[in-house]
Amino acid sequence: DDADAVLDSLGSLFHKVQASTSRFEVPLAEELELVREYLAIEQARFRDRLRTRVHASADALDCLVPPLILQPLVENAVRHGISAVSSAGTVEVSASIDGGRLSLVVRDDGPGMGHATSQPGSGTGLRNTRERLAQLYGERASLRISNGDGSGTTVRVDIPVSDRPD
């Protein structure tokens, strides 16, 4: 049953990736569905060790975002936050509009930055995300990474609000 659920989620994820990457921007609601599919696969892998929360304010759901802007950030939260500890952890994705900007936040409650991990990364996901943001929005976008209070890592992406349909 678990394998069937993972295969269903994987198939749905591939379909959504294919549909979204052919467009310049996608509604945040679609991007969050892709994130949910990815997290469903990771939840099958980590079982009770992974708790997830995905939330967006109603006014943010129609905003347009670059496709797959959240996926590498969520993948990093799972890889460096959740898999780095043996206890249960949480990955939280949230979105809201603040001052004419869309704020996308990915937070985990893992060990935080600077902690040695069994799965060191190359930084490619963050580098590519920063480059995409710079190319699409220039100085109007930002990506900030910070340690949480006591533990965890928070990544915040701020982009200009865009709510025109594709």
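This note walks through the structure above in numbered points, from the sheet to the helices and loops.

1. Before we start, please keep in mind that this is a predicted model.

2. Let us begin with the sheet. Five strands form an open sheet in the order 2-4-5-7-6, and their pairing is mixed. Strand 2 and strand 6 take the edges; each has a single partner strand, so one side of each has no neighbour in the sheet. From one strand to the next, the twist averages 10 degrees.

3. Now follow the pairing across the sheet. Strand 4 (residues 89-98) is antiparallel to strand 5, and eight bridges link the two. If you would like a place to look, find Val91, which stands opposite Asp108 in strand 5. On the way to the next neighbour, strand 5 (residues 101-108) runs antiparallel to strand 7, again with eight bridges. Here Asp108 turns up once more, this time opposite Thr153 in strand 7. It is a handy residue to click on, as Asp108 faces Val91 as well as Thr153.

4. Strand 6 (residues 142-147) comes next, joined to strand 7 by six bridges in an antiparallel arrangement. Two pairs show this well: Leu143 stands opposite Val157, and Arg144 has Arg156 as its bridge partner. Strand 6 and strand 7 form a hairpin with five residues between the strands, and Gly150 in this hairpin has a positive phi near 90 degrees.

5. Is strand 7 mostly enclosed or open to the outside? Seven of its eight residues (153-160) are buried, so strand 7 is largely enclosed by the rest of the structure. As you trace strand 7, a rule of thumb may help. In a regular strand, side chains point alternately to the two faces of the sheet.

6. Next, see how two helices meet the sheet. Helix 2 lies across strand 2, strand 4 and strand 5, and runs at about 175 degrees to strand 2. Helix 3 also packs on the sheet: it touches strand 2, strand 4, strand 5, strand 6 and strand 7, and its direction makes about 150 degrees with that of strand 4.

7. Helix 2 deserves a closer look. With 19 residues at 1.5 Å a residue, helix 2 should span 27 Å, and its end C-alpha atoms are 26 Å apart, which agrees. Its buried residues include Leu28, Leu32, Leu34, Val35, Leu39, Ile41 and Phe46. Do not overlook the charged side of this list, though: Glu31, Glu37 and Glu42 are among the buried residues too.

8. Which residues are best connected in the largest nonpolar core? Of its 32 residues, Leu28, Leu70, Leu102 and Leu104 touch the most other members. Two or more residues come from each of helix 2, strand 2, helix 3, strand 4, strand 5, helix 4 (124-137) and strand 7. Helix 2 gives the largest share, six residues. To see one of these contact networks, select Leu28: leaving aside residues up to four places away in sequence, its contacts include Ala56, Leu61, Val65, Leu70, Ala95, Leu102 and Leu104.

9. Helix 4 makes a neat small exercise. Its 14 residues reach 20 Å from the first C-alpha to the last, close to the 20 Å expected at 1.5 Å a residue. The buried residues of helix 4 are Thr129, Leu133 and Tyr137. They cover an arc of only 35 degrees around the axis, which puts them on the same side of helix 4. The elements covering these buried residues include strand 3, helix 3, strand 6 and strand 7. Right after helix 4 comes Gly138, with a positive phi near 60 degrees.

10. Finally, check two backbone angles. Most residues other than glycine have a negative phi. Arg47 is not a glycine, yet its phi is positive, about 50 degrees. Arg47 sits in the loop between helix 2 (28-46) and strand 2 (50-56), and it is exposed, with a relative accessible area of 52%. Leu68 is not a glycine either, and its phi is positive at about 60 degrees. Leu68 belongs to the loop between strand 3 (64-65) and helix 3 (71-82). Its relative accessible area is 21%, so Leu68 counts as partly exposed, given that buried means under 20%.

Methods
Residues numbered from 1 in each chain as written. Predicted model: local features only at pLDDT ≥ 70, side-chain atom pairs only at ≥ 80, totals over all residues. Heavy atoms only, no water. Buried < 20%, exposed > 50% of the residue type's maximum accessible area, 1.4 Å probe, protein only. Helix = DSSP H or I, 4+ residues; strand = E, 2+ residues; numbered from the N terminus. Pairing = 2+ DSSP bridges. Axes fitted to C-alpha atoms, helices over the stretch in contact; angles between N-to-C directions. Contact = heavy atoms within 4.5 Å. Core = buried A, V, L, I, M, F, W, Y, C linked by side-chain atoms within 4.5 Å. Expected span 1.5 Å × (residues − 1). Arc of directions from axis to C-beta.
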